[in-house]
Amino acid sequence: MKHIAVIFFVVIQIAGYAQFVDRFKPTQITATTNLGFVIAHHSNMIHLLQRDAHGIELNFSQQDRKQTAWSTLYRGAVRGLSFKFHDFGNPKELGYAYTMFGHTSFPLYQGPKFGFLDFRIGTGLAYLTRKFDPETNPKNNAIGSYLNGFVNLMFNYNKHFRWWHFGFGLEFSHYSNCATKVPNLGLNVPSLNVNLGFNLEQRTAIDKKEINENTEASNYDDVMSDGIYLIGFLTAKQNVIKQKEAITRPVMAIQGLYDLKMGSRWKLNVAMDIIYNDANRHYYDTSTYTIGQTIQLGAFVGAGIHFYKAEFTAGMGVYYWSPVRPFGMFYHRLGFRYHFTNNLVGTIGIKSHFAIADYLELGIGYRLWNRK
């Protein structure tokens, strides 16, 4: 099942950039170096912190200069692909990370003289050279697999000239396999960065415009219309290593989702969840519950911010039926949804209970109804 999760994640990543890859010609090539530290977000991780973490990144990106509703709305967002190397400051237990990820930078403020203040969101896959092993690496209680998901958030300022640009920023990187393999405390790395890059085409500041009928055709109206979706999830997880052995167990869920447009970018998500988590059946060493006792029914409210065919979602739910709930009655989601067509969507995300990751959600959904 973990291999299926990896394949699905790769498909989502490729699809997220397939919409422009046929025309993709990097207009900026940027080299970035960063310096930070690994956060000990659990008290039993302190032994993993030895020295500062540092990394380098090579970024190929392109400014969106089309006159679609999306490009007008986001005022020339910059999309690209990066390759990142991270040294966590503990080569023996944590090793190094090699990451490939796609990203989009949204201008927060821009001007010809000022430059560009951006917020960047990136997701991808990372290969970590060291993981937990009971014999060769027993102290690594943060990472249980070589292959991990990667999330990067960054505030960055850049000043552009005709052929080159430079900048600096603050970023946050997260590495995790979302409990597909334990242990899975994950690695969180905040850092400062500086960059220097070469412009094949100089980035230009885009004046703020309103969406109007003169823009080029896009899927904006279809994606942003109110709709009802039916989404199915299939994934797997392992419980924490407190039992005799860590066993991968299936997780299945069905979600009915209604999303309502709340602005030019945002939609409100209201959902009902039916979840079967076989790992909860065997969560306690001393007892095994029936399948019926393990069914969870939940109500969920969240929000999604849309850009192009992609959507980042987050929200909180509550179980109104869950005889077995080892992490309490509230649950949370942070995820990514991609609209393959006007009706077909793929979704990947983390289902958690506050700061405790439960499992990686992988789903396919279909829009049953929409109102433009």
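Reader: Why is the meeting of the side chains of R65 and E201 called a salt bridge?

Author: In this predicted model, the N to O separation between the side chains of R65 and E201 is 3.8 Å. The rule asks for a side-chain nitrogen of Lys or Arg within 4 Å of a carboxyl oxygen of Asp or Glu. The pair is therefore called a salt bridge, since 3.8 Å falls within that limit.

Reader: What makes R65 and E201 a link between distant parts of the chain?

Author: R65 belongs to the loop between β2 and α2, while E201 belongs to the loop between β8 and α3 (220–223), and 136 residues separate them.

Reader: How do you know whether R65 and E201 are buried or exposed?

Author: Neither term applies, because buried requires a relative accessible area under 20% and exposed requires one over 50%. R65 has a value of 40% and is therefore partly exposed. E201, at 31%, is also counted as partly exposed.

Reader: How many salt bridges does the rule give?

Author: The count comes to 17 salt bridges. Another of these joins the side chains of E171 and K84, at 3.3 Å from N to O. That pair links strand β7, which holds E171, with strand β3, which holds K84, across 87 residues. Both E171 and K84 are buried.

Reader: What makes the salt bridge of R203 and D118 a tie between separate parts of the chain?

Author: The closest N and O atoms of R203 and D118 are 2.8 Å apart. R203 lies in the loop between β8 and α3 and D118 lies in strand β5, so the salt bridge ties together parts that are 85 residues apart in sequence. Both R203 and D118 are buried.

Reader: What makes E57, K84, R120 and E171 one network?

Author: Their salt bridges share partners, and in this way the four residues are joined.

Reader: Why is E93 said to have no salt bridge?

Author: The nearest side chain of opposite charge to E93 is that of K92, 4.7 Å away. A salt bridge needs a separation within 4 Å, so this pair does not qualify. E93 is nevertheless buried.

Reader: Where is E93, and which side chain does it meet in a polar contact?

Author: E93 is placed in the loop between β3 (78–87) and β4 (96–111). Its side chain makes a polar contact with the side chain of N90 at 3.0 Å. The limit for such a pair of N or O atoms is 3.5 Å, so the value of 3.0 Å satisfies the distance condition. Apart from neighbours within four places in sequence, E93 is in contact with L48, Q50, R130, N137, K139 and N140.

Reader: Why is Y308 called buried?

Author: Its relative accessibility is 5%, and the limit for buried is under 20%, so Y308 counts as buried. Y308 lies in the loop between β12 (295–307) and β13 (310–321).

Reader: What makes the phi of Y308 and that of R75 worth noting?

Author: Most residues other than glycine have a negative phi. Y308 is not a glycine, yet its phi is positive, at about 55 degrees. R75 is likewise not a glycine and has a positive phi of about 50 degrees. R75 is found in the loop between α2 (69–73) and β3.

Reader: How do you know which form the peptide bond from V182 to P183 takes?

Author: Its omega is near 0 degrees, and the bond is cis. Most peptide bonds are trans. P183 is found in the loop between β7 (164–176) and β8 (187–199).

Reader: How do you know where empty space is left inside the structure?

Author: Rolling a probe the size of a water molecule over the atoms shows where such space remains. A search of the whole structure finds 4 cavities of 30 Å³ or more. The largest cavity has a volume of about 230 Å³.

Reader: Which residues and elements line the largest cavity?

Author: The lining has 19 residues, and N59, S105, M154, N156 and N158 lie nearest the centre of the cavity. Two or more lining residues come from each of β1 (28–36), β2 (53–63), β4, β5 (115–128) and β6 (147–160). The largest share, 4 residues, comes from β6.

Reader: Why is F172 called partly exposed?

Author: F172 has a relative accessibility of 31%, which lies between the limits of 20% and 50%, so F172 counts as partly exposed. F172 is found in strand β7. Leaving aside neighbours within four places in sequence, its contacts include I39, V151 and P190.

How values were computed
Residues numbered from 1 in each chain as written. Predicted model: local features only at pLDDT ≥ 70, side-chain atom pairs only at ≥ 80, totals over all residues. Heavy atoms only, no water. Buried < 20%, exposed > 50% of the residue type's maximum accessible area, 1.4 Å probe, protein only. Lys, Arg positive; Asp, Glu negative; His and termini not counted. Polar contact = N/O pair within 3.5 Å; in protein donor to acceptor, adjacent residues only side chain to side chain. Contact = heavy atoms within 4.5 Å. 1 Å grid on protein atoms, 1.4 Å probe; cavity = no way out; pocket = protein on both sides within 12 Å on 5 of 7 lines; lining within 4 Å. Points joined across faces, edges and corners; volume = space filled by probe spheres on them.
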